[in-house]
Amino acid sequence: NHACDEIERHKNAYDKADKLMHTPLLRAFDLTKEKAELKKSYGENNFGLGCLLARRLVQEGVRFVDVDFGGWDTHQDNFNRIKQLTGTLDPGVATLVKDLDQQGMLKETLVVCMGEFGRTPKINKDNGRDHYPKAWSMMIAGGGIQGGRVIGSTDKDGVDAALAVELLLEREDDDHAVDEALHGGDAPLAPRPELGGDVVDERR
(Lines give C-alpha, C1' and ligand atoms only; values in the text may rest on other atoms or scores of the structure.)
Protein backbone atom coordinates (compact mmCIF):
# COMPACT_ATOMS: atom_id res chain seq x y z
CA ASN A 1 0.00 0.00 0.00
CA HIS A 2 0.93 3.67 -0.19
CA ALA A 3 2.09 3.93 3.44
CA CYS A 4 4.44 0.96 3.05
CA ASP A 5 5.89 2.43 -0.13
CA GLU A 6 6.58 5.72 1.63
CA ILE A 7 8.28 3.94 4.53
CA GLU A 8 10.42 1.94 2.11
CA ARG A 9 11.46 5.10 0.25
CA HIS A 10 12.44 6.80 3.51
CA LYS A 11 14.38 3.74 4.59
CA ASN A 12 16.26 3.64 1.29
CA ALA A 13 17.11 7.33 1.61
CA TYR A 14 18.45 6.86 5.14
CA ASP A 15 20.42 3.78 4.08
CA LYS A 16 22.05 5.71 1.24
CA ALA A 17 22.90 8.61 3.55
CA ASP A 18 24.40 6.25 6.13
CA LYS A 19 26.42 4.51 3.43
CA LEU A 20 27.74 7.85 2.20
CA MET A 21 28.68 8.98 5.73
CA HIS A 22 30.68 5.84 6.43
CA THR A 23 32.27 5.04 3.09
CA PRO A 24 36.09 4.94 3.04
CA LEU A 25 35.86 6.95 -0.17
CA LEU A 26 35.34 10.07 1.97
CA ARG A 27 39.14 10.11 2.19
CA ALA A 28 39.05 11.90 -1.16
CA PHE A 29 37.85 15.03 0.63
CA ASP A 30 40.81 15.09 3.03
CA LEU A 31 43.10 17.63 1.40
CA THR A 32 45.50 17.50 4.35
CA LYS A 33 46.97 14.42 2.65
CA GLU A 34 48.31 16.62 -0.15
CA LYS A 35 51.63 18.43 0.00
CA ALA A 36 51.52 22.14 0.82
CA GLU A 37 53.58 22.88 -2.29
CA LEU A 38 50.97 21.25 -4.54
CA LYS A 39 48.09 23.09 -2.87
CA LYS A 40 49.96 26.35 -3.35
CA SER A 41 50.44 25.51 -7.03
CA TYR A 42 46.70 24.93 -7.48
CA GLY A 43 45.96 28.15 -5.60
CA GLU A 44 44.80 28.23 -2.00
CA ASN A 45 41.32 29.49 -2.84
CA ASN A 46 37.97 27.78 -3.39
CA PHE A 47 38.50 27.22 -7.10
CA GLY A 48 42.09 26.01 -6.85
CA LEU A 49 41.37 23.61 -4.02
CA GLY A 50 38.22 22.54 -5.87
CA CYS A 51 40.40 21.51 -8.82
CA LEU A 52 42.64 19.55 -6.45
CA LEU A 53 39.58 17.88 -4.95
CA ALA A 54 38.37 17.06 -8.47
CA ARG A 55 41.60 15.17 -9.14
CA ARG A 56 41.21 13.23 -5.89
CA LEU A 57 37.57 12.36 -6.70
CA VAL A 58 38.50 11.13 -10.17
CA GLN A 59 41.25 9.06 -8.56
CA GLU A 60 38.59 7.38 -6.44
CA GLY A 61 36.50 6.54 -9.50
CA VAL A 62 34.06 9.45 -9.71
CA ARG A 63 33.03 9.79 -13.37
CA PHE A 64 31.86 13.41 -13.50
CA VAL A 65 33.10 16.35 -11.42
CA ASP A 66 31.98 19.98 -11.78
CA VAL A 67 34.19 22.70 -10.29
CA ASP A 68 32.29 26.00 -10.12
CA PHE A 69 34.39 29.14 -10.51
CA GLY A 70 31.71 31.35 -9.03
CA GLY A 71 31.15 33.90 -11.79
CA TRP A 72 33.01 35.73 -14.55
CA ASP A 73 31.08 39.00 -14.88
CA THR A 74 33.16 41.94 -16.08
CA HIS A 75 30.41 44.46 -16.74
CA GLN A 76 32.60 47.13 -15.15
CA ASP A 77 36.37 47.60 -15.11
CA ASN A 78 36.93 44.62 -17.42
CA PHE A 79 40.69 44.76 -17.75
CA ASN A 80 41.48 44.82 -14.04
CA ARG A 81 38.79 42.22 -13.36
CA ILE A 82 40.28 39.87 -15.96
CA LYS A 83 43.69 40.09 -14.26
CA GLN A 84 42.08 39.08 -10.97
CA LEU A 85 39.95 36.30 -12.47
CA THR A 86 42.71 34.73 -14.56
CA GLY A 87 45.03 34.95 -11.57
CA THR A 88 42.72 32.39 -9.95
CA LEU A 89 41.62 30.38 -12.98
CA ASP A 90 44.96 29.82 -14.71
CA PRO A 91 46.90 28.21 -11.84
CA GLY A 92 43.99 25.93 -10.93
CA VAL A 93 43.35 24.61 -14.43
CA ALA A 94 47.01 24.40 -15.46
CA THR A 95 48.00 22.53 -12.30
CA LEU A 96 45.03 20.17 -12.66
CA VAL A 97 46.10 19.20 -16.18
CA LYS A 98 49.73 18.80 -15.10
CA ASP A 99 48.77 16.84 -11.98
CA LEU A 100 46.51 14.47 -13.91
CA ASP A 101 49.33 13.90 -16.39
CA GLN A 102 51.86 13.17 -13.66
CA GLN A 103 49.40 10.77 -12.03
CA GLY A 104 48.96 8.94 -15.34
CA MET A 105 45.28 9.89 -15.47
CA LEU A 106 45.12 12.58 -18.15
CA LYS A 107 44.69 10.27 -21.13
CA GLU A 108 41.53 8.82 -19.59
CA THR A 109 40.21 12.09 -18.17
CA LEU A 110 38.62 14.86 -20.23
CA VAL A 111 39.07 18.34 -18.73
CA VAL A 112 36.66 21.00 -20.02
CA CYS A 113 36.93 24.66 -19.03
CA MET A 114 34.03 26.75 -20.30
CA GLY A 115 31.30 29.22 -19.50
CA GLU A 116 27.75 29.48 -20.82
CA PHE A 117 28.43 32.42 -23.16
CA GLY A 118 31.12 34.86 -24.26
CA ARG A 119 31.64 38.58 -23.78
CA THR A 120 30.87 41.48 -26.10
CA PRO A 121 33.68 42.40 -28.48
CA LYS A 122 33.05 46.09 -27.73
CA ILE A 123 33.79 47.76 -24.40
CA ASN A 124 30.75 49.36 -22.76
CA LYS A 125 30.47 52.79 -21.11
CA ASP A 126 31.68 51.35 -17.79
CA ASN A 127 34.88 49.99 -19.34
CA GLY A 128 33.38 46.52 -19.14
CA ARG A 129 32.15 43.72 -21.38
CA ASP A 130 28.63 42.31 -21.27
CA HIS A 131 27.12 38.88 -22.00
CA TYR A 132 27.48 37.75 -25.62
CA PRO A 133 25.99 34.45 -26.87
CA LYS A 134 27.15 34.63 -30.51
CA ALA A 135 30.81 33.69 -30.04
CA TRP A 136 32.89 32.26 -27.21
CA SER A 137 35.51 29.63 -26.56
CA MET A 138 36.29 26.63 -24.41
CA MET A 139 39.45 24.82 -23.41
CA ILE A 140 39.64 21.02 -23.51
CA ALA A 141 42.52 18.80 -22.48
CA GLY A 142 43.15 15.11 -21.90
CA GLY A 143 40.81 12.35 -22.98
CA GLY A 144 43.16 11.34 -25.77
CA ILE A 145 42.81 14.73 -27.48
CA GLN A 146 45.92 16.16 -29.12
CA GLY A 147 46.83 19.37 -27.33
CA GLY A 148 48.41 22.65 -28.38
CA ARG A 149 45.85 23.57 -31.04
CA VAL A 150 43.30 26.29 -31.66
CA ILE A 151 40.27 25.03 -33.58
CA GLY A 152 37.58 27.44 -34.72
CA SER A 153 37.67 31.21 -35.11
CA THR A 154 35.67 34.42 -35.20
CA ASP A 155 35.72 37.18 -37.77
CA LYS A 156 38.39 39.86 -37.35
CA ASP A 157 36.23 41.90 -34.94
CA GLY A 158 35.14 38.97 -32.78
CA VAL A 159 31.49 39.58 -33.65
CA ASP A 160 30.54 36.31 -35.36
CA ALA A 161 31.94 32.81 -35.45
CA ALA A 162 33.75 32.28 -38.76
CA LEU A 163 34.30 28.60 -38.00
CA ALA A 164 32.10 27.16 -35.28
CA VAL A 165 32.95 23.84 -33.67
CA GLU A 166 30.20 21.81 -32.03
CA LEU A 167 31.63 19.74 -29.21
CA LEU A 168 28.69 18.01 -27.59
CA LEU A 169 28.93 16.61 -24.11
CA GLU A 170 26.23 14.26 -22.95
CA ARG A 171 25.72 13.36 -19.32
CA GLU A 172 24.37 9.86 -19.06
CA ASP A 173 21.43 9.44 -16.67
CA ASP A 174 22.35 5.92 -15.57
CA ASP A 175 25.87 6.40 -14.24
CA HIS A 176 26.60 10.13 -14.71
CA ALA A 177 29.34 9.27 -17.17
CA VAL A 178 30.49 11.82 -19.69
CA ASP A 179 30.16 10.88 -23.32
CA GLU A 180 32.82 13.07 -24.89
CA ALA A 181 31.32 12.46 -28.35
CA LEU A 182 34.76 12.18 -29.94
CA HIS A 183 36.55 9.53 -31.94
CA GLY A 184 40.00 9.22 -33.48
CA GLY A 185 41.18 9.32 -37.08
CA ASP A 186 42.17 12.20 -39.32
CA ALA A 187 39.72 14.59 -37.66
CA PRO A 188 40.10 14.19 -33.87
CA LEU A 189 37.26 16.63 -33.15
CA ALA A 190 34.43 14.68 -34.70
CA PRO A 191 31.02 14.76 -32.97
CA ARG A 192 29.03 11.54 -33.28
CA PRO A 193 26.43 11.85 -36.08
CA GLU A 194 23.50 11.03 -33.80
CA LEU A 195 24.43 13.94 -31.51
CA GLY A 196 24.68 16.52 -34.31
CA GLY A 197 27.47 18.77 -35.54
CA ASP A 198 29.92 18.52 -38.40
CA VAL A 199 33.35 16.95 -38.67
CA VAL A 200 36.12 19.54 -38.51
CA ASP A 201 38.70 19.01 -41.27
CA GLU A 202 41.88 20.37 -39.70
CA ARG A 203 43.83 19.73 -42.87
CA ARG A 204 42.26 22.72 -44.64
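A residue is called buried here when its relative accessible area is under 20%, exposed when that area is over 50%, and partly exposed in between, with a 1.4 Å probe and protein chains only. By that scale Arg-56, at 10% relative accessibility, counts as buried, and the salt bridges around this residue are taken up further below. The structure is a predicted model, in which local features need pLDDT of at least 70 and side-chain atom pairs count only at pLDDT 80 or more, while totals for chains, interfaces and linings use all residues. Residues are numbered from 1 along each chain as its sequence is written, and side-chain values use heavy atoms, with hydrogens and water left out.

The protein chain holds 4 helices and 8 strands, where helices (H or I, at least four residues) and strands (E, at least two) are DSSP runs numbered from the N terminus. Read from that terminus, the elements follow the order α-α-α-α-β-β-β-β-β-β-β-β. Of the 204 residues in the protein chain, 25% count as buried, and the accessible surface, computed by the Shrake-Rupley method with a 1.4 Å probe and, for residues, with only the protein chains shown as cover, comes to about 14,100 Å², of which 52% belongs to carbon and sulfur atoms. A contact means heavy atoms within 4.5 Å; among contacts in the protein chain between residues at least 6 apart in sequence, 51% join residues at least 24 apart.

The interior can be approached through its nonpolar core, a term for a set of buried Ala, Val, Leu, Ile, Met, Phe, Trp, Tyr and Cys residues joined through side-chain atoms within 4.5 Å. The largest such core has 13 residues, and those with the most contacts inside it are Tyr-42, Phe-47, Cys-51, Leu-96, Leu-100 and Val-111. Helix 3 (46-59) and helix 4 each supply at least two residues of this core, and helix 4 gives the most, with 4 residues. Leaving aside residues up to four places away in sequence, Leu-96 touches Tyr-42, Cys-51, Arg-55 and Val-111.

Phe-47 also leads to the aromatic side chains. Rings of Phe, Tyr and Trp (its six-membered ring) pair if their centres lie within 6.5 Å, and planes under 30 degrees apart count as stacked, over 60 as edge-to-face and the rest as tilted. A search of the whole structure finds 2 aromatic pairs. In the pair of Phe-47 and Phe-69 the ring centres are 5.0 Å apart and the planes stand at 65°, so this pair is edge-to-face. It links distant parts of the chain, with Phe-47 in helix 3 and Phe-69 in the loop between helix 3 and helix 4, 22 residues apart. Phe-47 is buried, with a relative accessible area of 8%, whereas Phe-69 is partly exposed at 25%. Together with Trp-72, Phe-47 and Phe-69 form one aromatic cluster.

Charged side chains add another set of links. A salt bridge is a side-chain nitrogen of Lys or Arg within 4 Å of a carboxyl oxygen of Asp or Glu, and by this rule the count comes to 10. Within helix 1, Arg-9 and Glu-6 meet in a salt bridge (2.4 Å, N to O); being 3 residues apart in that helix, Arg-9 and Glu-6 are separated by about one helical turn. Arg-9 counts as partly exposed at 47% relative accessibility, and Glu-6 is partly exposed with a relative accessible area of 29%.

Glu-34 offers a contrasting setting, since this residue is buried, with a relative accessible area of 12%. The side chains of Glu-34 and Arg-55 meet in a salt bridge (3.0 Å, N to O), a pair that links distant parts of the chain, Glu-34 in the loop between helix 1 and helix 2 and Arg-55 in helix 3, 21 residues apart. Arg-56 forms a salt bridge with Glu-34 as well, the closest N and O atoms being 2.6 Å apart. Arg-56 lies in helix 3 and Glu-34 in the loop between helix 1 and helix 2, so the pair ties together parts that are 22 residues apart in sequence. Salt bridges that share partners join Glu-34, Arg-55, Arg-56 and Asp-99 into one network.

The loop between helix 4 and strand 1 closes the tour. Thr-109 has its place there and is buried, with a relative accessible area of 12%, whereas Lys-107, in the loop between helix 4 (78-102) and strand 1 (110-113), is exposed at 64%.
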